[in-house]
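Let's take a friendly walk through this structure together. Keep the viewer open and follow along as we go.

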Amino acid sequence: MKNKLNLPELESKKVFAYFEELAAIPHGSRNTRQISDYLISFAKEHGLECYQDEANNVVIIQEASAGYESADPIIMQGHMDMVCEKEKGVEIDFEKDGLELYVDGDFLKAKGTTLGGDDGVAVAYILAIMDSPEIAHPRLEAVITVDEEIGMLGAEVIDLSMLKGHKMLNIDSDVEGHFLTSCAGGMTVDTVIPVTWQKQQGYGAGLTVTGLEGGHSGSEIDKEHANANILMGRVLKYLSDRMELAVVSLAGGLKDNAIPRECEAEIVIPEEEKAELSDYITELEKIFKKEYAVSDPAVCIEIKENGTGEYEVLSYSSMTKVIFYLRNVPNGVQHMSMVMPGLVETSLNTGIMKLTTDGLELTASVRSSVSTRKEELKDKLEYLAEFLGGEISVSGDYPAWEYRAESDIREGISAVYEELFHEEPVFEAIHAGLECGILSGKIADLDCVSFGPNNFDIHTPKERLSISSTEKVWKLIVEFLKRSK
């Protein structure tokens, strides 16, 4: 297998070679058939036992190396789907096109898009291990799920009755040397607020809140990055308090679990107030730049002239409801943990917003390590929606992964990491969701740990995977398997 990235000679060269092959296959959430078939083809080419379900989940089993037949099987787990985000102006069809990878110093990146290191690197590790007969290991049971990024839908439906293992390596975290031992539960909440329309003459203008950092709504929700959808609500309220205003369109965010980096709106105002509009936007942009000087220093509000004419706009009552919702919906960190200082306990991210003929549609990611707090936040969203004549629906509800006081796999991988790299590993909980909680409900007495190489700015086009850290984690996995006799 040839590595086209011209990387230096690495022990993990097969990992990067497989990562390249995976990146060439479109594999956003709900678009996983092609990559699922690729995994099944890999298994058959290597003579491995494999399973593929209707959801496109894949299980691949490789029997133990000689001398390891009596060792406990090891489950290796990750997900095949990625979050598809791109920079403005980048030409790519994520449904059909692969990614364009390149090396920048110690980092692997994709040109203008997310990289898919979350969680393509896990799949690449698994394939590289199974394609390396020289690596000694117990029976390996690879569980590669779909649609993790939109609510862990694959993990929810996968059948694991063929597995024999009760120890699992979940390779789906992004800080090397930090091993995760528990995570929050979560759900996706869709809200619809009904609206009505009317025709109105006036001057049309386009507004875009842009320049935001974005980020993962679980692991980076505590960074206080601005949410473009929420900021647009603030823009509209600011303007409606100062001038006659009507709303033509509204759209922002691409994924419920990615903090929105951009939001667009079209508005109509009296033509004689064009200058005032520009002044108000300048004032508000200065306020935003001051408030978000550290978290989102490039925040800005762009204005585009659409001209005078007749527009289809929200009725006044509907516009009022839309602005009221955006100014009052919970967003961001709601509670910090009192048990583990510094850990976010409960949060919400209003990730996707669009205004349709029938209503304002919003999709939010709700997370909490306390189930009652998760339900409380859902109830708030429901109450707010019903107050405005709308409704909610819930999907992808998954449980928290609870901490296990005694863990053989945690102790084992900790010892290997410390011995190999002379660094003390860190064990911690995470606010972002992991599939360990759902899979623990499917595999009796599951003992698992989550880890991975350094992967920065996931779920954004700035995503970058550390090459040297990927190499370290490869050595860790290989040595851990070798010792699992």
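A good place to begin is an open sheet of four strands, which follow one another in the order E4-E5-E21-E20 with antiparallel pairing. Its edges are strand E4 (101-104) and strand E20 (455-456), each of which pairs on one side only. Keep in mind as you look that this is a predicted model.

Now zoom in on the middle of that order. Strand E5 (residues 107-110) and strand E21 (residues 464-466) run antiparallel and are joined by two bridges. If you would like one position to click on, try leucine 108, whose bridge partner in E21 is leucine 465. Against this sheet packs helix H11 (residues 467-483), which touches E4, E5 and E21. The direction of H11 makes about 50° with that of E21.

Let's step back to the whole chain. The domain assignment gives two parts: domain 1, made of 12-184 + 401-483, and domain 2, covering 187-398. Between the C-alpha centres of domain 1 and domain 2 there are 34 Å.

How do the two domains meet? On the domain 1 side 27 residues are in contact with domain 2, and these touch 29 residues of domain 2. Together the domains bury about 2100 Å² between them, with 54% of that area on carbon and sulfur atoms. Polar groups take part as well: seven residue pairs are in polar contact between domain 1 and domain 2, counting pairs with both residues at pLDDT 80 or more. On the side of domain 1 that touches domain 2, helix H4 (153-157) and strand E18 (426-430) each supply at least two residues. Three salt bridges are found across the interface of domain 1 and domain 2.

For salt bridges in general, the count comes to 29. In one of them, the side chains of glutamate 63 and arginine 139 meet at 2.9 Å, N to O. This pair links distant parts of the chain, 76 residues apart. Glutamate 63 sits in the loop between strand E2 (58-62) and strand E3 (74-79), while arginine 139 belongs to the loop between H3 and E6. Another salt bridge brings together the side chains of glutamate 85 and arginine 261, at 3.2 Å from N to O.

Before you leave, have a look at two details of the backbone. Where is the cis peptide bond that has an omega of about 10°? You will find it joining aspartate 118 and aspartate 119. Aspartate 119 is part of helix H3 (residues 117-130). The other detail is at methionine 152, which has a positive phi of about 60° although it is not a glycine. Methionine 152 lies in the loop between strand E6 (140-145) and H4. That brings us back to the domain boundary, as H4 is one of the elements supplying residues to the side of domain 1 that touches domain 2.

Notes
Residues numbered from 1 in each chain as written. Predicted model: local features only at pLDDT ≥ 70, side-chain atom pairs only at ≥ 80, totals over all residues. Heavy atoms only, no water. Pairing = 2+ DSSP bridges. Contact = heavy atoms within 4.5 Å. Axes fitted to C-alpha atoms, helices over the stretch in contact; angles between N-to-C directions. Domains from an automatic or database assignment. Buried area = accessible area lost by both parts, 1.4 Å probe. Salt bridge = Lys/Arg side-chain N within 4 Å of Asp/Glu carboxyl O. Polar contact = N/O pair within 3.5 Å; in protein donor to acceptor, adjacent residues only side chain to side chain.
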